[in-house]
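Student: I should like to work through how some structural terms are justified. May we begin once the sequence and structure are in view?

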Amino acid sequence: MIIDLYLKGELVIVIGGGDEGMLKIRSLLTQDCKILLFSEESNNEIEKYVKQKKITFKKKKISNLDFLEKYKPIMIMGTTDDKELNRKIYQKAKTMNCHGYAVDDPMISDFSHPSLINIENIVQIAISTQGKSPIMAKKFRIEAEKIFKKVIKKEDLNYIRIHEYARSMAKTKIPTPNERREFMYSLMDDKNLKRNLKAGKLDDAKTRIKVLFDLWVKPYGVYANSN
């Protein structure tokens, strides 16, 4: 089972800034969460993310894990090259009632880390072998990414960008979930809106959504599909 864990605004601690740690950080950067990295060494990529204020970095040699107790993370990830330390990191996470992950040790981790196709930080598609073969998961991701980038069009991504705007508007006057769903589906059929989304004119798209919304909620509210 692949679950998209909602991390927005939450603290995630990564211990280990090597190749595996940076892979996890790159993935976390798409989740709008707070990232705290502990590592004995820094590198150019870490320094770049710190400068951009995307992560917090603390240079630290890990001897014991009691220092973690002053934090309240939703997740702690052990990504060092020391398998036994990674297991201890996972066990510490459990005592702190948060999710734990030990790299290359799926049998004890709370989850495996899938290989992700990330399209403009909007659409994410996970490919998982349940931790059995990360190499094959990466191979499948590279091949599948070529296909999905052809299938998912620019207007599809822009529709996702304005979806929250439309849904928030719908919640103000459309009373039931089924009716709101019907309204959202109707937007996908509007030719003017499609043209705006294809051209990347998001402000014009929002104006068009407002017009369609006003038509939808008129008294006796029959939707006039004015394409």
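**Terms and their grounds**

Tutor: Lys53 has its place in the loop between α2 (44-51) and β3 (56-59). Please bear in mind that this is a predicted model.

Student: Why is Lys53 called exposed?

Tutor: The relative accessible area of Lys53 is 76%. Exposed means over 50%, and Lys53 is therefore classed as exposed.

Student: What makes the phi of Lys53 worth noting?

Tutor: Phi of Lys53 is near 60 degrees, a positive value in a residue other than glycine. Most residues other than glycine have a negative phi.

Student: Where is Asp32 found, and what is its phi?

Tutor: Asp32 lies in the loop between α1 (19-28) and β2 (34-39). Its phi is near 55 degrees, again a positive value in a residue other than glycine.

Student: Why are α6 and α8 called oblique to each other?

Tutor: The axes of α6 (residues 177-187) and α8 (residues 202-216) cross at roughly 135 degrees and come within 11 Å. Angles over 145 degrees count as roughly antiparallel and those from 65 to 115 as roughly perpendicular; α6 and α8 fit neither class and are therefore oblique. The crossing of α6 past α8 is right-handed.

Student: Which residues make the contact?

Tutor: From α6 come Glu179, Glu182, Phe183, Ser186 and Leu187, and from α8 come Ile209, Leu212, Phe213 and Trp216.

Student: How is this contact of α6 with α8 composed by class?

Tutor: The contact has six nonpolar, one polar and two charged residues. Glu counts as charged, and Glu179 and Glu182 of α6 are in the contact.

How values were computed. Residues are numbered from 1 along each chain as its sequence is written. This is a predicted model: local features need pLDDT of at least 70, side-chain atom pairs count only at pLDDT 80 or more; totals for chains, interfaces and linings use all residues. Side-chain values use heavy atoms; hydrogens and water are left out. Axes are lines fitted to C-alpha atoms, for helices over the stretch in contact, and angles run from 0 to 180 degrees between N-to-C directions. Helices (H or I, at least four residues) and strands (E, at least two) are DSSP runs, numbered from the N terminus. Angles under 35 degrees count as roughly parallel, over 145 as roughly antiparallel, 65 to 115 as roughly perpendicular and the rest as oblique. A crossing is left-handed if the near helix is turned anticlockwise from the far one by less than a right angle, and right-handed if clockwise. Contact means heavy atoms within 4.5 Å. Buried means under 20% relative accessible area, exposed over 50%, partly exposed in between (1.4 Å probe, protein chains only).
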